[in-house]
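Me: I am new to this structure. Please take me through it in short questions and answers.

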Amino acid sequence: MSEYVIIGNSAAAIGTVEGIRRKDKDGEIVLISNEPHFTYSRPLISYLLWGKTDLQRMKYRSDDFYDKNKVTALLGETVVKIDKNEKTVKTQSGKVINYNKLMVATGSRPFVPPMKGLEKVKNKFSFMTLDDALSLEKAIDKSSRVLIIGAGLIGLKCAEGIFDKVASISVVDLADRILPSILDENASGIMQEYLEKKGITFYLNNSAKEFEESSAVLNDSTKIDFDILVVAVGVRPNTELLKEAGAEVDRGVIIDEKCATSLDDIYCAGDCSQGFDLTQNDKRILALLPNAYMQGNCAGKNMAGEAAEYNVCIHMNAMGMFGYHIVSAGSYDGESYTVRDGENYKRLFYKDNVLKGFIIMGDIRRAGIYTDLIRKQTPLSEIDFELIKEKPQLLAFSKSARENKLAKIER
Amino acid sequence: MKRVFVNEKWCLGCHLCEYNCAFANSGVDDMVKALKGKQINPRIQVEGDNNINFAVSCRHCAEPLCVKGCITGALSVKDGVINLDSEKCVGCFTCVVSCPYGAIMPGDNGKVAQKCELCLNNSCGEPACVTGCPNNAIVYEERG
């Protein structure tokens with residue numbers, strides 16, 4: 001019997017390994033992943049195509065990670081069933097592996113909505129995994145006209161990654177602005193203008209009505225000729241294994257503050273899970289790498305018998321487009337304070353005496369001080385709000401709060 | 001483990017720690033050549049107004065949010081010290097939006113992050129900011 005079985009091999013799974021190994025140095029860990037690769041960082045696939053990293057440097061942990069942590073990694077194996085009564089998982093190749101504690105970190109998959117004529121397009125890609133990125137890289141060249149469906153994080157990071165390697169990029173989205181999940185209207189407009197100056201063409205408030213092999217007709221009858229199509233409309237959580245096993249599943253798998261599912265000895269973390277979102281006061285899917293790691297890490301500790309809770313999930317994102325940086329966190333709720341100065345844009349959202357969220361573009365320095373206010377729900381009446389509005393700084397805190405931060409060891 | 005701690009009441013706001021930090025991490029032997037006429041981007045930053053001054057650098061947290069949130073694995077903990085592998089870093093700055101102290105920042109070229117590594121990976125061997133502080137406003141010691 002394996003003490004621990006982990007399904008997945010990305011941030012949540014690695015966080016689980018590291019959480020387990022804090023306490024249990026020897027208990028057998030079997031990690032099963034349907035991807036045949038050593039653990040790598042999914043968000044780096046755009047940087048790989050851009051040439052900012054390579055296959056070695058984009059590994060999420062050092063080459064000796066599995067050995068050092070005594071992990072038996074079954075790579076290229078797909079789990080097809082969890083039997084919660086027998087406490088086993090079964091793989092497609094017929095292996096049956098017992099577990100004492102199970103982590104399901106199966107992530108998400110690209111969502112491709114039904115679109116008329118899509119089957120006629122031969123050169124179409126998703127942009128989620130290393131293999132997606134490598135096949136896209138093989139297909140493009142300097143003469144490629146690329147059409148991307150989706151102006152969210154995945155679509156735009158893909159655009160950045162391949163920009164220097166292709167002839168043109170057009171982006172279509174149903175929404176009337178870009179990056180609607182992380183930006184407000186002002187910031188979307190600023191970023192769109194910046195990307196248009198770079199040479200990316202947007203068709204917003206629009207969608208592909210019909211595809212031919214190398215062209216698309218949009219709702220407003222615009223025709224776009226392309227050589228390569230990337231569909232980056234959204235993702236869907238991989239919840240099927242746990243749903244079939246009888247776990248409580250909403251949009252994602254419902255987890256508690258220990259990152260445990262409703263089934264005994266089964267934990268879940270990352271993009272397939274739905275945990276408590278502090279600023280929304282509700283259970284949400286927060287498909288973000290830091291969140292995946294922290295949920296996995298918390299679950300791992302609990303799996304090894306070290307009590308841990310992770311109840312400070314918030315939306316948090318950092319992204320750059322061609323060196324122009326955006327950071328954001330929390331929810332965009334309540335009153336707001338906005339400053340715009342050239343390429344720098346900042347908007348803070350506050351309500352009920354706490355900071356709820358922020359969006360910063362350009363000068364992102366020390367933004368984590370704002371994130372910490374959101375995470376800790378620090379009453380704004382305890383700090384100098386005028387000072388902190390001006391810029392993130394510890395001067396805005398009381399002398400004793402500062403002493404706790406800078407003259408003591410962080411707990 | 002030894003860490004850098006701040007004695008706020010002794011800080012004059014002279015910014016010497018910032019210069020010593022920038023010099024220590026410049027890889028250049030001569031302070032004038034390293035710093036003169038250059039805009040410094042130190043890993044320790046002095047904050048303050050007319051009354052209060054204090055220096056802020058990495059706290060080397062026991063549960064570091066920057067390390068846990070790092071999307072590349074460039075940030076890691078070794079013997080309690082948080083190190084950044086600038087070869088792996090792609091400059092996404094998730095760490096900048098994670099750090100509660102504002103103590104990790106974009107490096108000189110803006111392409112990767114930089115942070116205090118207690119001068120353990122440069123030629124100083126111990127924090128240059130502390131060694132050069134004229135007033136013990138920052139100290140390098142063990143505290144319980």
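**A covered helix, then outward**

Me: Which elements are among those that cover the buried residues of α5(A)?
Reply: Helices (H or I, at least four residues) and strands (E, at least two) are DSSP runs, numbered from the N terminus. The cover of the buried residues of α5(A) includes α2 (45–50), β9 (145–149), β10, β11, β15 (228–231) and β21 (316–321) of chain A.

Me: What kind of model is this, and how are residues and chains labelled?
Reply: Residues are numbered from 1 along each chain as its sequence is written, while chains are lettered from A and ligands numbered from 1 in the order in which they are written. The model is predicted: local features need pLDDT of at least 70, side-chain atom pairs count only at pLDDT 80 or more, and totals for chains, interfaces and linings use all residues.

Me: How many residues of helix α5 of chain A are buried?
Reply: Buried means 20 or more other C-beta atoms within 10 Å of the residue's own; exposed means 12 or fewer, partly exposed lies in between, and C-beta atoms are placed from the backbone. Among the buried residues of α5(A) are A:I154, A:L156 and A:I162. Helix α5 (residues 153–162) is mostly covered, and the buried count is 9 of its 10 residues.

Me: Which strands stand at the edges of the open sheet of 5 strands in chain A?
Reply: The order is β8-β15-β9-β10-β11, with parallel pairing. Two strands pair if DSSP finds at least two bridges between them. Each edge strand has a single partner, so one side of each is left without a neighbour in the sheet; these are β8 (124–125) and β11 (200–203).

Me: Which residue of β11(A) is the bridge partner of A:V171?
Reply: Strand β10 (residues 168–172) of chain A and β11(A) pair in the parallel sense over 4 bridges. For A:V171, the bridge partner is A:F202.

Me: In β20(A), which residue stands opposite A:F276?
Reply: The open sheet β17-β19-β20 of chain A has mixed pairing. Strand β19 (residues 273–277) runs antiparallel to β20(A), with 3 bridges. Opposite A:F276 stands A:K283.

Me: Which element gives the most to the side of chain B that touches chain A?
Reply: Contact means that two residues have C-beta atoms, placed from the backbone, within 7 Å. On that basis, 35 residues of chain B meet 40 residues of chain A. With 4 residues, the most comes from α4(B).

Me: How many charged residues are on that side of chain B?
Reply: Ala, Val, Leu, Ile, Met, Phe, Trp, Tyr, Cys and Pro count as nonpolar, Asp, Glu, Lys and Arg as charged, and the others, Gly among them, as polar. The side of chain B that touches chain A has 17 nonpolar and 9 polar residues, and its charged residues number 9.

Me: Which helix gives the largest share of the largest nonpolar core?
Reply: A nonpolar core is a set of buried Ala, Val, Leu, Ile, Met, Phe, Trp, Tyr and Cys residues joined through C-beta atoms within 7 Å. The largest one has 171 residues, and B:V96 is one of those that touch the most other members. The largest share, 7 residues, comes from helix α8 (residues 289–303) of chain A.

Me: Is B:S76 buried, partly exposed or exposed?
Reply: B:S76 lies in strand β4 (residues 75–78) of chain B. With 16 C-beta neighbours inside 10 Å, B:S76 counts as partly exposed.
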